[in-house]
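Please load the model in your viewer, with side chains hidden to begin with, and follow the selections below in the order in which they are given.

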Amino acid sequence: MSKIVMKFGGTSVATTEKIAKIAHRISREKEKGHDIVVVVSAMGKTTDDLTNLAFELSEAPNKREMDMLLSTGEQATMALLSIKLHAIGIDSISLTGWQVGLQTDEVHRNAKVVKLDATKILNLLAENKVIIVAGFQGVSELDEITTLGRGGSDTTAVAIAASIAADICDIYTDVDGVFTSDPRFITKARKLAQLEYDEMLELANLGAGVLHPRAVEFAKNYNIPLRVRSSYNDEEGTILKEEVDMENNLVVRGVAFESDIVRLTIEYEVAFNGSLASIFTTLAANHINVDIIVQSIVDGVKPAVSFSIKKESLSEAITVLESNKQLLGFTFADFEVGLAKVSIVGSGMVSNPGVAAQMFDRLRKENIPVKMVSTSEIKVSVVVPQNDMIQAANALHDEFGLALV
């Protein structure tokens with residue numbers, strides 16, 4: 001008998017009709033003799049709708065109360081699914097994040113999983129129950145309800161899979177698996193049969209919305225087989241694991257892109273030791289994520305440092321910097337909006353020099369200016385004008401032979 005975790009996203013449970021279909025799919029898996037834990041997201045656009053309600057009442061809703069509000073979305077889904085399972089003769093029980101023992105840190109709206117006590121889950125599985133867990137949420141050491149950030153239900157699913165030593169964790173979505181790029185915008189994108197954890201982690205962090213980055217980290221750290229597949233058919237989907245066969249010897253395996261990037265630049269009259277550490281320590285203390293960093297120190301030119309952040313963090317970043325201006329020692333701060341990040345990812349890049357040059361050359365031919373660059377062993381990212389994002393992604397997808405054959 002196998003232990004499996006099945007996670008269903010918001011589009012998969014958007015209506016009661018879809019919930020009923022999911023219930024029958026769970027029933028078929030149960031008939032095979034599996035022990036099953038199901039993790040669910042909020043129905044459809046519920047999280048967005050709840051967020052909009054909060055902003056109708058406040059320009060800056062209290063983060064604790066937002067967690068209380070948003071956690072109700074997943075709770076509604078879990079109860080409805082369990083109700084349907086009972087109706088078709090499946091013994092099930094629904095549990096919130098705190099009931100299932102998922103403990104997080106104290107950061108509201110973007111909490112991280114600290115630990116998960118699987119005792120209750122294992123006891124209920126021993127009673128032959130199907131367990132339905134509300135994703136995206138947990139409880140802090142101070143007994144406060146927290147949420148894990150957008151896409152956090154993926155993290156819930158993999159954390160549970162790790163805690164119960166599941167044989168596989170299936171992430172059900174509205175697509176057939178992980179594609180070489182977003183098929184909604186890249187017309188020749190194709191599904192990958194396999195992908196390495198590290199490649200998926202880079203793609204997830206770089207804007208690919210198929211999986212939450214922390215979920216991939218959990219899967220890699222605990223070596224949990226992770227499969228991304230469709231809610232609407234029985235295709236195998238994409239398997240994520242430590243090492244895969246190089247498909248068609250592709251050096252680049254995927255192209256990711258992300259809109260609404262902001263370049264923030266801080267200028268100094270003179271450079272002083274510790275300036276970089278002070279800036280990014282201060283931003284980190286306020287939970288502001290920084291991506292690409294470029295420092296410029298040239299004789300005769302005022303020293304400056306530029307970095308990219310998401311547009312949603314701009315207001316808070318400016319407030320934090322201005323309130324610490326004297327401590328940080330800078331004289332001027334400016335920002336540029338209307339930018340996007342486009343990235344190529346592939347473990348084969350480690351042993352194939354010249355990939356970045358090929359990328360830059362193609363962007364030059366497309367007349368797309370590059371504003372910032374960041375590299376690692378398996379990815380190259382560029383910041384470009386947002387209006388050029390889709391053109392750049394399509395061009396790079398073609399350049400590195402990722403199109404359908």
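**Salt bridges**

Select E235 to begin with: at a relative accessible area of 37%, E235 counts as partly exposed. Bear in mind throughout that this is a predicted model. Now add K191, which forms a salt bridge with E235, the closest N and O atoms being 3.3 Å apart. This pair links distant parts of the chain, since K191 sits in the loop between β9 (168-173) and β10 (194-196) while E235 sits in the loop between β11 (226-230) and β12 (238-241), 44 residues apart. K191 is partly exposed too, with a relative accessibility of 27%.

Next, display D170, R227, R229 and E236 together, and you will see the residues that are linked in a network of salt bridges. Over the whole structure, a search finds 25 salt bridges.

Move on to K129 and D91, another salt-bridged pair, whose closest N and O atoms are 3.2 Å apart. K129 lies in the loop between α4 (119-126) and β6 (130-134), and D91 in the loop between α3 (63-87) and β3 (92-95), so the pair ties together parts that are 38 residues apart in sequence. Is K129 buried or exposed? Its relative accessibility is 18%, and because buried means under 20%, K129 counts as buried. D91, by contrast, counts as partly exposed, at 34% relative accessibility.

Then select R184 with D182, where the two side chains meet in a salt bridge with an N to O distance of 2.7 Å. R184 counts as exposed, because its relative accessibility is 68% and exposed means over 50%.

Keep R184 on screen and add N324, in the loop between α9 (314-323) and α10 (325-328). N324 is partly exposed, with a relative accessible area of 22%. Drawing a C-alpha to C-alpha distance between N324 and R184 should give 42 Å, for two residues that are 140 residues apart in sequence.

**Nonpolar cores**

Turn now to the largest nonpolar core, which has 46 residues; to find those with the most contacts inside it, select V5, V37, I121, I160, I164, C169 and M200. Colouring helix α5 (residues 152-163) shows the element that gives the most to this core, with six residues.

Which residues does I121 touch, once its neighbours within four places in sequence are left aside? I121 is in contact with V37, V100, L116, I131, I160 and I164. Apart from this core lies another one, of 24 residues, for which F179, A189, I368 and A392 can be selected as members among others.

**Strands and a surface patch**

Switch to a cartoon view and select strand β13 (residues 254-267) with strand β16 (residues 332-345), which pair in the antiparallel sense over eleven bridges. Within this pairing, look for L264, which stands opposite F335 in β16. Strand β16 is also joined to strand β18 (residues 379-385), again running antiparallel, by seven bridges. On that side, I344 stands opposite V380 in β18.

Finally, show the surface and select F360, V370 and V373, which make a nonpolar surface patch of about 200 Å². Of these, V373 is found in strand β17 (residues 372-376), and its relative accessibility of 35% makes V373 count as partly exposed.

Note on methods: Residues are numbered from 1 along each chain as its sequence is written. This is a predicted model: local features need pLDDT of at least 70, side-chain atom pairs count only at pLDDT 80 or more; totals for chains, interfaces and linings use all residues. Side-chain values use heavy atoms; hydrogens and water are left out. Patches are made of residues with over 30% relative accessible area and no salt bridge: like charges are joined within 9 Å, nonpolar side chains (Val, Leu, Ile, Met, Phe, Trp, Tyr) within 5 Å. Accessible areas come from the Shrake-Rupley method with a 1.4 Å probe; for residues, only the protein chains shown count as cover. A salt bridge is a side-chain nitrogen of Lys or Arg within 4 Å of a carboxyl oxygen of Asp or Glu. Helices (H or I, at least four residues) and strands (E, at least two) are DSSP runs, numbered from the N terminus. Buried means under 20% relative accessible area, exposed over 50%, partly exposed in between (1.4 Å probe, protein chains only). Two strands pair if DSSP finds at least two bridges between them. A nonpolar core is a set of buried Ala, Val, Leu, Ile, Met, Phe, Trp, Tyr and Cys residues joined through side-chain atoms within 4.5 Å. Contact means heavy atoms within 4.5 Å.
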